[in-house]
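Me: Please examine the structure shown below. I shall put a series of questions on its geometry, and I ask that each answer be reasoned.

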Amino acid sequence: MSAEPVPTPSPAPAAPASSHWWKRWWRRLPPARQDRFATFAPLLSVLLFLSAIVVAIAYLRYEELDREQEAVTRDVEYAQQRLRLRLLERQEQLMRLARELDNREIHAEEFTFQAETLVSQFPELQAITWMDSRREVQASYTSPSAPSRLYRPVGSTIGVSETDGSFELARELRQPVYSRPMGDNPRNATLMLQVPLTEQGRFNGTVMGEYTVDGLMRFGMPPEIMARYAVALLDDSGKVLAGNLQTPTSVWRLLPWSNPPMEHEVPVSPVGNGLLLKAQGYRTSQDIVGTGFFWVIGALSALTVWMLLGTWRHTRKRVQAQQALVAETNFRRAMENSMLTGMRALDMQGRITYVNPAFCSMTGWTEAELVGRTAPFPYWPEEDQETLTARLKDELSGQSTPGGFEVRVRRRNGSIFDARMYVSPLIDPKGQQTGWMTSMTDITEPKRIREELSASYERFTTVLESLDSAVSVAPLGSDEMLFANKMYRLWFGTRGQGHRRLVDLASHQPQPNSDEGDAVDSFAGMPTEPLTDAGAENAEVFVDELGRWLEVRTRYLTWVDGRLAQMVIASDITPRRQAEEQAARQAERAQTASRLITMGEMASSVAHELNQPLTAISNYCNGMISRIQDQRITTDEMLAALEKTARQAQRAGQIIQRIRAFVKRSEPNPTLSEVPQMVSNALELADIELRRHQVRLNSYVAARLPLLMVDPILIEQVLINLIKNAGEAIVQADRPVGERQVELRVGPKREDDQEGVEFAVRDSGNGVPPEMIERIYEAFYSTKSEGMGIGLKLCRSIVESHHGRMHVENLYNGAQVVGCCFSFWIPAASRLQHPGTANATPTPAVTPTDNEGA
């Protein structure tokens, strides 16, 4: 008895252990690797899916398209050859007809008969016309079914537009020419053939045959081609002239693997590109290949869904960690979003991986538009791309400047702003660098302010450096120089002694010891507003070390550090002072010359005046001599005669001394002078001249007149000139002796709130012509034939040098001029000082601006 076989263990229990090994393997993987596998698995399945689709469909489609295209091309070429042969046969027949016309073998009736025969044999031929060289129809036949526009009556002329230029082309080429398809309706288009006629080498017209494009299609196209393809004849613009083409169906649009029907087009020879033959293949079979691949797509899609579901299950296990990460990320992002500094992150290849809202707000570009972009970035200005590209290379290589660098950034709207960027490396948790973080700050406004301040300082410095005056600023009581321009450095160097020297000269104070090192303001603790608000002080000083006269202006100001400082502006007035001194010397010489001229003009009168005392002296002496000889004189009588002789001699001496004092050249000597004495001295000399002209002089001098600080000789010169001119004006007017009088009035007068004395000389002459009053004070202008034109000019200069004013006006009796009045006014409180007075101010130079009057 055989033993029963021992039952073998079933392998079923081992299956669960072998089927779950991958679960244990998956659980042992770290989360980072699990994420990697969970991501790569769906991606790998999708890639396999797409690869299968692309390879299979591309290969099958290529094979099928190549086959179909080859068949369409072959059949279309065959159909085109059939059309070509048919057109050439008609062309040959028309050419034969043209040769008969050229050889005059047929006439118009025979031509019409043969044309009728050809049109009836060949339906596509609609009309045959014989035209001469002037486009005039000689004979024509048109098919009864042809359109009305093809009828050509004998004797009519065919227009140029009706032949579309084919007639001219046939005349030029002397060979058959086809026209483009013509007609208002593309479906009724006609084709024109022009066969030239020649007579002894001369163009004699054409035989024109007209075809219907639809007839060529129906009678010239092979039936087998028409059954297999959608065939059409097109013009050069793509319009269908005959036949039909397929329109893609909705099935082709819905099924991406379904191909549109194959097509091919060729130009119909011998017409050319004006007539095209196009054929499309019919699709009569179901796309089995596409249907088969549809199931492949479905299977691969199911695989993809399964993998994605597995990924989703894995993702659920990491929700809590992700939530914590999201909370931390949101917190950090809120901090970044609240910053005003723009942040940009780059990877190691220079691609933007992150931008914060501040960066987007600065540039105007959104985060989606910037992230993933590489250089050149859209916010780079086009003109700075080369420079910014070089900076980016330095940044990626770790050679950026630690203190940052300035760049120009273009906003989305095209505007440009300046920014400063700082670069720092990005380090991942493993300590490896993953990119670069860049912070950007808008510095447009600070830079603008800094540039404006710099430009303002540069302009200020340029202006001060280019001044012809020395400008310096120094604290009070210190030799420290706060500012000195180029002219100051040229004159005094860079030290502060020159500044102190100018201040001391301007204030007439002795120079303090410059070795004192105390830099504390002498006005420390005192209010400085009255000092800084006060105006500038001016003084004219002579600097020995420079040998120049300087006009020094000083004022107080508050320096930028709060200290009270003093600014000094020194201008070189040496040329002006020299000019003033030269003008003063010339004025002095002019005054002396004027006095000499006056005395020269009065010489005869003075000689007559001196002759009287001299004659009296001579008579007294001769009388005493004769009486002494006769011993008829007593001692008392002799003493009386000698006293009279002495008085006459004294009188002659006084006249000579007065003349000598008047014409003597001397420096201006302003002194406190009495007005009556000056008037008396002037009248003593002027009256001599007036008596010679039989002119009476009346003078009125007010009492208690103030003393005047004037040069008496110059004032006397003015009075003598005015009185002498008045007498000469009376002589020129030829007044009677009773009306010859000059009046001098001297009295007080107030002008411009100042007390003064007015001298007025009135005459009874003809006055000054009104048109000459404005020019009467001009140099070298005179109303007298022998005048030099400097008298009144000099008088006015003398008056103005004493800070006075001179005036002239005519005297009227109704509308008649009865005289003229010259007057001048001298202030009592004159600014002139005696030369012996300390700190005397020089007498202003007398500038010749006046003229001698009538």
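Reply: A charge sits over a ring if NZ of Lys or CZ of Arg is within 6 Å of the ring centre and within 35 degrees of the ring normal. The model is predicted.

Me: At what distance from the ring centre does Arg 745 lie over the face of Tyr 700?
Reply: The cut-off for such a placement is 6 Å from the ring centre. Arg 745 satisfies it over the face of Tyr 700, and its distance from the ring centre is 4.4 Å.

Me: Over the face of which residue does Arg 90 lie?
Reply: The distance from Arg 90 to the ring centre is 3.4 Å. The ring whose face lies under Arg 90 is that of Phe 122.

Me: How many disulfides does the count give?
Reply: Two cysteine sulfur atoms must lie within 2.5 Å to count as a disulfide. By this rule, the count is zero. For Cys 820, the nearest cysteine sulfur is 7.0 Å away and belongs to Cys 821. The number of disulfides is zero.

Me: Is Cys 820 buried or exposed?
Reply: A residue counts as buried under 20% relative accessible area. Cys 820 has a value of 2%. Cys 820 is therefore buried.

Me: Which class of geometry does the aromatic pair of Phe 359 and Tyr 379 have?
Reply: The count of aromatic pairs comes to nine. In the pair of Phe 359 and Tyr 379, the ring centres are 5.3 Å apart and the planes stand at 80°. Plane angles over 60 degrees count as edge-to-face. The class is therefore edge-to-face.

Me: Where in the chain does Tyr 379 lie?
Reply: The pair links distant parts of the chain, 20 residues apart, with Phe 359 in helix H12. Phe 359 is buried at 1% relative accessibility, and Tyr 379 is buried with a relative accessible area of 1%. Tyr 379 lies in the loop between helix H13 and helix H14.

Me: Which residues do ring pairs link into a cluster with Phe 359?
Reply: Phe 377 and Trp 380 form an edge-to-face pair, with 5.1 Å from centre to centre and 80° between the planes. Phe 377 is buried at 2%, and Trp 380 is buried at 6% relative accessibility. Ring pairs link Phe 359 into a cluster with Phe 377, Tyr 379 and Trp 380.

Me: Which are the edge strands of the open sheet of five strands?
Reply: The strand order is E21-E23-E24-E26-E25, with mixed pairing. Neighbouring strands are turned by 20° against each other on average, direction ignored. An edge strand here pairs on one side only, and the edge strands are E21 and E25.

Me: Which residue in E26 stands opposite Glu 758?
Reply: Strand E24 and strand E26 run antiparallel and are joined by eight bridges. Opposite Glu 758, the residue in E26 is Trp 825.

Me: At about what angle to E24 does helix H23 run?
Reply: Helix H22 lies across E21, E23 and E24, and its direction is at about 175° to E21. Helix H23 lies across E21, E23, E24, E25 and E26. Its angle to E24 is about 25°.

Me: Which side chains of strand E12 point to one face and are buried?
Reply: In a regular strand the side chains alternate between the two faces of the sheet. Along E12, Glu 406, Arg 408 and Arg 410 point to one face and are not buried. The buried side chains, on the other face, are Phe 405, Val 407 and Val 409.

Me: Which residue takes a positive phi in the hairpin of E12 and E13?
Reply: E12 and E13 run antiparallel and are joined by six bridges, and Arg 410 stands opposite Ile 416 in E13. The hairpin has five residues between the strands. The residue with a positive phi, near 100°, is Gly 414.

Notes: Residues numbered from 1 in each chain as written. Predicted model: local features only at pLDDT ≥ 70, side-chain atom pairs only at ≥ 80, totals over all residues. Heavy atoms only, no water. Buried < 20%, exposed > 50% of the residue type's maximum accessible area, 1.4 Å probe, protein only. Phe/Tyr/Trp six-rings, centres within 6.5 Å; stacked < 30°, edge-to-face > 60°. Helix = DSSP H or I, 4+ residues; strand = E, 2+ residues; numbered from the N terminus. Pairing = 2+ DSSP bridges. Axes fitted to C-alpha atoms, helices over the stretch in contact; angles between N-to-C directions. Contact = heavy atoms within 4.5 Å.
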